[in-house]
Each structure stands twice: as structure tokens, then as C-alpha cells.
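I opened this structure for the first time today and kept notes as I went. The entries are in the order of looking.

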Amino acid sequence: MTSNGVANPPEEWDVIIVGAGPADMAAALYTGRARLKTLLLDRAGMGGGQLMNTELIEDYPAIKSITGADMATAFEEQIREFGVEITWGEVTGFEARGNRRVVKTDDGTEYVGKTIIVTTGGLPRKLDVPGEAEFAGGGVSYCAICDGAFFKGEVLAVVGGGDSAVEEATFLTRYGEKVYIIHRRDEWRAQKLLQERALGNPKIVPVWNTVVEEIGGVQEGLAKKVKWLRVRDVKTGEVSQIDLGGVFIYVGFMPNSQIFGDDFPKDPQGFVITDDKMETHMPGLYVAGDVRSQYVRQISNAVGDATTAAVAATRYIEELDATGDEDEAESAEQVAVSY
Ligand code: NAP
């Protein structure tokens, strides 16, 4: 066994899947079932990806309701049945070496495969206002599931108007005495069902047309504690203060796409652009899930796109294997292109 748990790793994999979450699990399920030698390479401690920040999933077909953690566990149990191996590493980049694809990690390890599927997802976007960084961990949070229980009986605020903000505000009413949803417009973009649920909850107070300008608080011993928000009504220009004990920021997320060099086309927000097979401009390197440039970001379409990537990778490998010695020759030339 190596230190990170892979028993006698083969020198070469058919498919290396980078990331954590529904897309990588779906890709691994399909390549595992295709009997391809599959390695799932995940960031240490990140198993499940954004699923671990999600309390309940109620919009995945055939599953009425499941917690994010339970879904992550079920995915992992299922892929292990098909011989998929899992290891950990911080990926720093990719290289095309002949007709092999190489994943590099920060400890110098190189994982060599015929194909790579990247499903690295995204991270919460910052609000970028004074006090946000100062009070992070002291009442500023990006994860209601992780931190909500620390705020029993407090007045809370959620910033944002998307699915995450509205859904997590409802979750926070379990703990908070009152939960403001502060949104810069006069309507949320969240799904109607989530909106109805939130608006029907007596603890939720929408604050429309309002932006947060500053987060403030006090020093309590060694710790900092949020006490107020300075907000501005964007229609009237009026500035006021909301006193509270915690603020949860859900203003979208940024793609984990830094590992793709400048040569990879990305959209203006940095999400990676692929073709309809999920293939990037490096043949044999596929991208699926939240890190990919796309119209919607749901578990169901992440799983669907990862399925497409896995099937495309399977066919790519079939063609590669059919060319036989030609591959060996090309590999031996060690034509290396770093991305
Ligand atoms: P999102 O859909 O991008 O929404 C971000 C929200 O934050 C928007 O309401 C936006 O306002 C607001 N916002 C952005 N920048 C801001 C700023 N600087 N100051 C104030 N407000 C700002 O992000 P999300 O809710 O995190 O969701 C991300 C993706 O995951 C979406 O595709 C979503 O559908 C999906 N998701 C799905 C579920 C589910 O199916 N149950 C749950 C969570 C997330 P505007 O509306 O004015 O642009």
C-alpha cells in the first residue's frame, strides 16, 4: 500500500478522474462498469464536493429526499463495487505526452492515463466588502450546514437571491430566531418552489433592493464576532444598519479551473469550455460538472454530462487501443505538451 491507500498502483490507468462530487462519481460509475481501469483522484478531505454543503436534495429524479452526505456515501459505495480506486492529491496541471495524458500533483507525483475527466466543481464567491475577511469564521460563513448550529437563537442574514441563498436561509430557520435574505434586486432567481417555501416561513424576512456595504463586529477575547451589517437600499440610496449574530454569503461560486492553463478556452467567468462530448481542445481530456461552462448547474445535469464524458472517454480508448503499436511509437517519442 502507498501512503494514500492505493495498493500497488498500475503504471497506467485507462481513465483518471479528478475531482469530488456527483459528476466524478457518475463518470467513475460508467468507466468502472465499462471495465476500464479507473482512478479517482480527489483533493484530501473534499469527498463529496458541494454535496457536503447541501442539506437536502429534493430535485434529483426518483429520489424524493436525501441529505447531501448520504448521497455522497451512496455514490462512493456504488463505484467501489466496480473496482474504481480512490486516492488523494492536489492537482497542479495536465500534460499530453504522446497519446498518453498525465495528471501532475503538487508532491511531484505523475499519474499517467489514456484519458482524463476533470470534475473539480467550484468554490463560494466572496462578497468582497470590508469586514468579510476579518470576520470569516467569526460569524461570516459560506456554509449553513457546517456552521448553522453555532447560531442558535441569533438573528441571521443570508446574502444572495439564487437557489443556494433561498434554500439555505430556510435551513437556517432551524437555528436562527429570524433570517433576513438580503438581495440586490426585487425578485429572487431561485426556483419557485424554494421561494414559496421561504416566503411561507415566518422566520424569513426578505430585504429587497439592498446591498451589503460593510460587515462589522467586536473582538471577544481572542475571537472576533459579527454584530452588524451596514446595508444600502439601491433604489433610495438610504443607508441603515442590521444588528445580527451571523451572515451567510451565497452570491454564486467560482470555478476550480486554475489547474487549466491559459491555453484552455474558458468563458468570461473562468468556466472551462468543452464541445458536446465534454472534450476540451486536448483530445482525451474531458470536463464535466460545475467547473464546465454551461447554462444550468444542477446535480442532475452534472451527472448527465459526466455520463457523456465517460462514454466519450470509453470510445476514445477503444480507438486508441485499436491503433496498437502506433500508440507505443508515439508514446516513446515522448512528445510532451504541457497545459
Ligand atoms: P447563483 O444562482 O449564481 O446566484 C447568485 C445570487 O447572488 C444571485 O441572486 C445574484 O444576484 C447574487 N449576487 C451575485 N453577486 C452578488 C454581489 N456581488 N452582491 C450581491 N448579490 C450578488 O448562485 P447559487 O445560488 O450559489 O447557485 C449556483 C448554481 O447551483 C446555480 O446554477 C443553481 O441553480 C445551482 N443550485 C441548485 C440547487 C438546487 O437545485 N436545489 C441548490 C443550490 C444551487 P442576481 O440574481 O441579481 O444576479
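The notes below cover the domains, a pocket and two helix pairs.

**Entry 1: the model.** I noted at the start that this is a predicted model.

**Entry 2: domains.** I looked up how the protein is divided. The assignment gives domain 1, made of 12-123 + 253-323, and domain 2, which is 126-249. I then took the centres of domain 1 and domain 2 over C-alpha atoms, and they are 32 Å apart. To the contact, domain 1 brings eight residues and domain 2 brings ten.

**Entry 3: the second largest pocket.** I turned to the second largest pocket and got a volume of about 200 Å³. I listed its lining: Thr-54, Glu-55, Leu-56 and Glu-58, then Val-166, Glu-167, Glu-168, Thr-170, Phe-171 and Arg-174, and last Leu-194 and Arg-197. Two elements, helix H4 (163-172) and helix H5 (192-199), give two or more residues each to this lining. H4 gives the most, with five residues. By type, I sorted the lining residues into six charged, four nonpolar and two polar.

I asked myself why the second largest pocket lies between domain 1 and domain 2. It does so because both domains give residues to its lining.

**Entry 4: H4 and H5.** Since H4 and H5 both line the pocket, I checked how these helices sit against each other. Their axes come within 9 Å and cross at roughly 35 degrees. I recorded the crossing of H4 and H5 as left-handed. On the H4 side the contact uses Asp-163, Val-166, Glu-167 and Thr-170, and these meet Leu-194, Gln-195, Arg-197 and Ala-198 in H5. I counted three nonpolar, two polar and three charged residues in this contact. Going back to the pocket list, I found Val-166, Glu-167, Thr-170, Leu-194 and Arg-197 in the lining, and these residues are also in the contact of H4 with H5.

**Entry 5: H1 and H6.** I looked next at helix H1 (residues 22-33) and helix H6 (residues 299-322), whose axes lie 8 Å apart at an angle of about 35 degrees. This crossing is right-handed, whereas that of H4 and H5 is left-handed. From H1, I wrote down Pro-22, Ala-23, Ala-26, Ala-27, Tyr-30 and Thr-31. From H6, the contact takes Ile-299, Ala-302, Val-303, Ala-306, Thr-307, Ala-310 and Val-311.

Which residue types make up the contact of H1 with H6? I found eleven nonpolar, two polar and no charged residues there. The contact of H4 with H5, by contrast, includes three charged residues.

Note on methods: Residues numbered from 1 in each chain as written. Predicted model: local features only at pLDDT ≥ 70, side-chain atom pairs only at ≥ 80, totals over all residues. Heavy atoms only, no water. 1 Å grid on protein atoms, 1.4 Å probe; cavity = no way out; pocket = protein on both sides within 12 Å on 5 of 7 lines; lining within 4 Å. Points joined across faces, edges and corners; volume = space filled by probe spheres on them. Helix = DSSP H or I, 4+ residues; strand = E, 2+ residues; numbered from the N terminus. Nonpolar A, V, L, I, M, F, W, Y, C, P; charged D, E, K, R; others polar. Domains from an automatic or database assignment. Axes fitted to C-alpha atoms, helices over the stretch in contact; angles between N-to-C directions. Left-handed = near helix turned anticlockwise from the far one by under 90°. Contact = heavy atoms within 4.5 Å.
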